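User: I am new to this structure and would like a close look at one part of its interior. Please pick a helix, say what surrounds it, and then follow the links outward to the surface.

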Amino acid sequence: MTRLTDDLVRGVSGSLDSVDDMLRRTTGMGRMEMACDALGLSPGDISLEGFKAFAVPITSGLGVIKRFSESVAEIARKLGMDASVTESSDVTGFAEAVNAGAETVFMADDTTFAAYNVKAGTYANNSFCTAAGYTSALKGAAGGLEGRKVLVLGAGRVGSIAAGMMVRGGAAVCVADIETERAERLASAIGAKASDDIRKAISSHDLILNASPARIPGSIIREGAIISSPGIPHTFDAEGLSKATVIHDPLDIGTSVMAMQSASFSRLK
Ligand code: 2YJ
């Protein structure tokens with residue numbers, strides 16, 4: 001799985017408003033509406049009054065990513081939470097958050113990014129929430145996915161979850177992966193089709209959920225395509241960006257869904 005980097009996270013703080021604008025423009029939903037839609041909820045279903053959240057820097061593995069915890073807390077604040085970063089890291093930081101009355105504690109190592117709800121004793125997971133957020137964004141931008149052909153690029157964690165969600169939502173899903181067998185395994189498990197020709201699959205789809213790190217050349221993207229693209233690194237050329245509506249940010253969409261799912265564990269009205 002791709003790990004975020006200092007460079008990818010550096011721009012997040014400054015782009016919170018533009019991500020919200022981009023979501024409104026392309027999907028008709030702002031961050032809050034998209035996050036709730038991804039969870040099958042409405043903003044009015046969750047009360048965030050006095051909701052305390054903390055992001056705890058985690059030093060294990062490859063260590064702390066500059067501004068990661070700060071950016072997570074900023075995203076939670078944009079949703080109306082009282083969110084901050086703990087002074088301490090790791091287990092001491094977790095204890096600090098709980099002692100300060102945290103309802104949700106965000107923390108990520110190199111494998112898992114979780115938003116643990118202290119009251120409910122359960123957590124929101126970034127892979128599920130990223131898949132749900134980008135699926136909701138694609139659905140919003142496409143005006144619904146039922147009966148529509150959607151290509152899922154990448155049969156990893158996020159792609160697999162998103163593909164399953166879209167099949168259950170009535171979309172005709174085709175899965176492609178550089179490891180053809182992985183795409184075939186996923187497709188047969190969820191009732192989708194698999195393609196062994198990625199270029200052909202891209203050029204024959206108007207709706208794409210790109211959960212892969214692949215660079216998609218603009219020359220094979222259809223004019224007017226909608227690409228909901230959690231994949232990191234995010235590399236589209238000028239031609240691709242001019243032909244397609246591309247929905248992407250490195251942290252905001254997935255984290256927003258996590259924040260709202262975690263809150264829903266204890267604050268559903
Ligand atoms: O606290 C920190 O600053 C770091 N330990 C954050 C690490 C962030 N982790 C990742 O980027 C991993 N790829 C996990 C994200 C899960 C994606 N579904």
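Analyst: Start with one cut-off: a residue counts as buried when its relative accessible area is under 20%. Keep in mind too that this is a predicted model.

The part to look at is helix α6, residues 126-142. Take Thr130, which sits in this helix. Is Thr130 buried or exposed? Its relative accessibility is 9%, so Thr130 counts as buried. Beyond its neighbours up to four places away in sequence, Thr130 touches Val158, Pro230 and Gly254.

Ser127 belongs to α6 as well. Ser127 has a relative accessible area of 9%, so it too is buried. Which residues does Ser127 contact, leaving aside those within four places in sequence? They are Arg157, Val158 and Ile161. Val158 thus appears in both lists, in contact with Ser127 and with Thr130. Here is a general point about helices. An α-helix has 3.6 residues a turn, so residues three or four places apart point the same way.

Now step back to Asn125, in strand β5, which covers residues 122-125. With a relative accessible area of 19%, Asn125 is buried, because the limit is under 20%. Outside its neighbours within four places, Asn125 is in contact with Thr112, Phe113, Met258 and Gln261. Gly254, which Thr130 touches, is 129 residues from Asn125 in sequence. In space, the two C-alpha atoms of Asn125 and Gly254 are 9.2 Å apart.

Helix α6 has a further partner, α3. The buried residues of α3 pack against α6, and also against α2 (16-27), α4 (68-78) and α11 (252-267). How many of the 8 residues of α3 are buried? The number is 6, and the helix, residues 31-38, is mostly covered. The buried residues are Arg31, Met32, Met34, Ala35, Cys36 and Ala38. After α3 comes Gly40, with a positive phi near 75°.

Helix α11, one of the helices that α3 packs against, leads to a charged pair. Glu103 and Arg267 form a salt bridge, with their closest N and O atoms 2.8 Å apart. Glu103 lies in the loop between α5 and β3, and Arg267 in helix α11, so the pair ties together parts that are 164 residues apart in sequence. Both ends are covered. Glu103 is buried at 5% relative accessible area, and Arg267 is buried at 14%.

The structure holds 15 salt bridges. A second one joins the side chains of Arg3 and Asp110, at 2.6 Å from N to O. This pair links distant parts of the chain, 107 residues apart. Arg3 is in the segment before α1 (6-10), while Asp110 is in the loop between β3 (104-108) and β4 (113-117). Arg3 is partly exposed, at 23%, and Asp110 is partly exposed, at 25%.

A third salt bridge brings together the side chains of Arg215 and Asp237, at 3.5 Å from N to O. Arg215 is in the loop between β9 (207-210) and β10, and Asp237 is in the loop between β10 and α10. They are 22 residues apart. Arg215 is exposed, with a relative accessible area of 52%. Elsewhere, salt bridges that share partners join Asp20, Arg24, Arg31 and Asp252 into one network. Arg31 is already familiar as one of the buried residues of α3.

A few backbone features deserve a glance. Pro233 is in the loop between β10 (226-228) and α10 (238-243). The peptide bond that joins Ile232 and Pro233 is cis, with omega about 0°. Arg67 is not a glycine, yet its phi is positive, about 70°. Arg67 lies in the loop between β1 (52-56) and α4, and is partly exposed at 36%. Asp90, in helix α5 (residues 90-99), also has a positive phi, near 55°. Its relative accessible area is 23%, so Asp90 is partly exposed.

Finally, the surface. Where is Asp196? It is in the loop between β8 (193-194) and α9 (198-203). Asp196 is exposed, with a relative accessible area of 63%. Together with Glu179, Glu181, Glu184 and Asp197, Asp196 makes up a patch of negative charge on the surface.

Definitions and conventions:
Residues numbered from 1 in each chain as written. Predicted model: local features only at pLDDT ≥ 70, side-chain atom pairs only at ≥ 80, totals over all residues. Heavy atoms only, no water. Patch = residues over 30% accessible without salt bridge, like charges linked within 9 Å, V, L, I, M, F, W, Y side chains within 5 Å. Areas by Shrake-Rupley, 256 points an atom, 1.4 Å probe, with all protein chains shown as cover. Salt bridge = Lys/Arg side-chain N within 4 Å of Asp/Glu carboxyl O. Lys, Arg positive; Asp, Glu negative; His and termini not counted. Charge placed at Lys NZ, Arg CZ, Asp CG, Glu CD. Helix = DSSP H or I, 4+ residues; strand = E, 2+ residues; numbered from the N terminus. Buried < 20%, exposed > 50% of the residue type's maximum accessible area, 1.4 Å probe, protein only. Contact = heavy atoms within 4.5 Å.
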